Amino acid sequence: MKPFNDTLELLMRHRSIRRFADTPVTEEQLEAIVGAAQMASTSSNVQAYSVIAVTDPGRKERLAALAGNQAYIRECPVFLVWCADLYRLREVTSAHMAPEASHIDTTENLIVATVDAALAAQNAAVAAESLGLGIVYIGGVRNDIAAFSEALELPELVYPVFGMCVGTPAQEPVLRPRLPLQSVLHRERYSAQETVERAAAYDETTRAYMRERSGGTSDTPWSVTMAHRLAQPARMQMKEFLQSKGFMKR
Ligand SMILES: Cc1cc2nc3c(=O)[nH]c(=O)nc-3n(C[C@H](O)[C@H](O)[C@H](O)COP(=O)(O)O)c2cc1C
């Protein structure tokens, strides 16, 4: 599909950046990025998220170590940690209601806060890219979520959903192809058979992509990569951790 305006063109050029130049992100850029994030839609205007901008090298080092030792967390000038945040909501509403009258601890509100954080973050990603910066999301913040949360002094009812490295790109990766549009776009109703059939073609696309990216040493198709991924138990502590922070009690 050919983009027919500058916004679509920017969106279609997205690729994660994992190497950054030694150029700071200015305060003005950071505030423009977070300002754009704030204008994302938010469930009933709850704005149930916070973002922590980390620039201190020592703190980035510690966070990188806790998030799978991903070097780009150290190297990026700004590491943003996007948090689902019901703490602020609990505090501001506490003057108006008894704690036992509040349903803040439901699974529904965990979803609300997590979705809010993700929508704000993606606005920030697009804003950063529009300024010529590059980003990569970091789910590794949940590898050791208790220690990560402690390092950032996150209170009850706040958890880190993902991080985001932001900075000037020092690499130009090829775009990663996505599933065929017809696999993800259903018309009028869910097409169970078609979504799977259309996805099959993606194995060939991803094999070619992997061959190019690895200089010919790998050509693992997407379905195999996904099978390996699903065979690993990942971050099994999440439910217990979230409940210990006051989320998802019912
Ligand atoms: C929530 C989330 C977490 C991610 N976590 C990581 C991560 O920890 N490390 C990493 O290198 N990339 C991470 N990524 C980047 C994805 O691997 C990347 O977006 C995906 O492979 C598509 O590639 P592209 O962004 O270059 O188009 C994450 C992406 C998302 C949305």
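In the predicted model, Phe162 is buried, with a relative accessibility of 12%, which falls under the 20% limit for that class. Its aromatic partner, Tyr137, is partly exposed at a relative accessible area of 28%. A search of the whole structure returned three aromatic pairs. In one of them, Tyr137 and Phe162 meet edge-to-face, with ring centres 4.9 Å apart and an angle of 85° between the planes. This contact links distant parts of the chain, as Tyr137 belongs to strand β3 (residues 134–138) and Phe162 to strand β4, a separation of 25 residues.

Strand β4 also contributes Tyr159 to an aromatic pair with Phe247, a residue of the segment after α11 (238–244); the pair therefore ties together parts that lie 88 residues apart in sequence. The arrangement of Tyr159 and Phe247 is edge-to-face, with a centre-to-centre distance of 5.5 Å and 85° between the planes. Both rings belong to residues classed as buried: Tyr159 has a relative accessibility of 6%, and Phe247 has a relative accessible area of 0%.

A further feature concerns charge on the surface. Four arginines, Arg18, Arg176, Arg178 and Arg213, gather there in a patch of positive charge. One of these residues, Arg178, is located in the loop that runs between β4 (158–167) and α8 (181–184). Arg178 counts as exposed because its relative accessibility of 56% is over the 50% cut-off for that class.

Definitions and conventions:
Residues numbered from 1 in each chain as written. Predicted model: local features only at pLDDT ≥ 70, side-chain atom pairs only at ≥ 80, totals over all residues. Heavy atoms only, no water. Patch = residues over 30% accessible without salt bridge, like charges linked within 9 Å, V, L, I, M, F, W, Y side chains within 5 Å. Areas by Shrake-Rupley, 256 points an atom, 1.4 Å probe, with all protein chains shown as cover. Salt bridge = Lys/Arg side-chain N within 4 Å of Asp/Glu carboxyl O. Lys, Arg positive; Asp, Glu negative; His and termini not counted. Charge placed at Lys NZ, Arg CZ, Asp CG, Glu CD. Helix = DSSP H or I, 4+ residues; strand = E, 2+ residues; numbered from the N terminus. Buried < 20%, exposed > 50% of the residue type's maximum accessible area, 1.4 Å probe, protein only. Phe/Tyr/Trp six-rings, centres within 6.5 Å; stacked < 30°, edge-to-face > 60°.
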